[in-house]
Amino acid sequence: MCRGSMASGKQYRAGPPPVDKAPETRGTGHHVVMGKPERAGRIGLPGPVFSVAEARARGVPASELRRRAYDGAGHGLRTVGGAASALPDAVRPLAPASGTTVASHTTAAALWGIWLPYRFGPEPLHLTRPLRFSQPRRKGVVGHHAPLLQLDVVRAGGLLVTSPAWTWRDLAALLSPDELVAAGDSLLRRRDAPDRGGYLSQPDPLCGMQELQEVLQRRAGNRGASTARTALELMRPGADSAQETRLRLLIRRSGLPEPAVNQWIIGPAGQRVSRPDLQYVRLRIALEYEGEHHLLDPDQWHRDIARDDGLRRLGWVVLRFSKKHLRPGNQAAAAEKVRAALLTRGWRPGQPA
């Protein structure tokens with residue numbers, strides 16, 4: 001299982017790194033190098049990226065803000081040099097919890113840790129305002145208007161962010177159907193799933209199917225509605241990575257029975273033996289997507305071998321897949337690998353598994 005791997009020429013990320021691991025960059029955009037954060041706290045600045053209005057409201061003198069230690073980051077914004085800013089630092093001055101502007105689209109997705117292809121970086125920022133306010137207009141920002149209700153906006157981490165369900169519906173205008181299925185599956189993860197990434201602390205699942213259906217119904221006439229309806233029918237709870245979702249979709253589109261997602265296999269003494277990424281319970285076939293970290297971590301590799309040995313002792317067949325199996329030139333062979341295992345176990349085309 002892997003939360004962020006490359007497949008079929010695509011890369012997925014399960015959200016940006018934690019704040020203390022944000023990569024350093026330099027420039028005049030939103031991820032900029034900033035100078036001494038300890039000084040920022042000492043003189044009462046609201047954060048490493050801040051608005052001049054915020055700083056003055058906190059009593060920071062104009063002479064302080066003219067120091068060379070502060071760089072411009074857009075109209076009315078300043079940064080402090082020294083440590084690299086993270087996405088919430090860039091968003092907070094523009095979408096504070098006390099305001100009317102909301103982080104949305106891919107910006108909200110990155111904050112929530114929703115699985116996105118890597119072609120969507122941290123910039124530009126996407127910001128949305130309710131219809132009664134003017135649309136955000138600023139360098140480095142894509143502004144939007146939307147009929148947001150109170151339930152569509154979440155206050156978290158000092159920010160205003162569109163809810164996970166609303167964010168997913170926004171993504172329907174930007175993602176392919178398969179990518180939107182993966183993004184949706186990341187909302188439906190089980191409660192004990194591995195760390196999702198992202199910046200906002202909220203337990204899994206981020207939302208349920210009912211919330212997604214309600215938002216889809218309210219926004220039936222908006223761009224991406226057809227993609228959203230298609231994706232919603234293909235989403236399943238429980239996936240640990242976008243690549244597991246892509247493997248499941250590959251199997252389904254190859255005319256094969258759809259496997260179950262991340263269910264525990266119970267041993268003869270009632271003990272939990274393994275929870276494969278995908279499985280055919282009746283036929284005892286387990287499918288595991290192996291991310292590269294499984295190969296690079298000796299302890300993880302050892303646990304994987306022990307897990308598979310335990311399943312085989314119970315009479316299970318274990319099929320393993322990597323990112324290369326999901327590339328276009330290899331997908332037919334990957335599907336045939338599953339088909340052969342099904343046939344060997346007594347399945348016949350047209351029958352349930």
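Strands β12 (residues 153-156) and β13 (residues 159-162) run antiparallel and are joined by four bridges. Strands are DSSP runs of E with at least two residues, helices are runs of H or I with at least four, and both are numbered from the N terminus. Two strands pair if DSSP finds at least two bridges between them. This is a predicted model: local features need pLDDT of at least 70, side-chain atom pairs need 80 or more, and totals for chains, interfaces and linings use all residues. Residues are numbered from 1 along each chain as its sequence is written, and side-chain values use heavy atoms, without hydrogens and water.

Alanine 156 has leucine 159 in β13 as its bridge partner. The two strands form a hairpin with two residues between them. Side chains alternate along β12: Val154 and Ala156 point to one face and are buried, while Val153 and Arg155 point to the other and are not. Buried means under 20% relative accessible area, exposed over 50%, and partly exposed in between (1.4 Å probe, protein chains only).

Helix α5 (residues 105-112) is mostly covered, with eight of its eight residues buried. Among them are His105, Leu111 and Trp112.

Two glycines take a positive phi:

| Glycine | Place | Phi |
|---|---|---|
| Glycine 113 | Just after α5 | about 85 degrees |
| Glycine 157 | Turn of the β12 and β13 hairpin | about 60 degrees |

Pro177, Leu180 and Val181 in α7 meet Thr227, Ala228, Ala231 and Leu234 in α9. Contact means heavy atoms within 4.5 Å.
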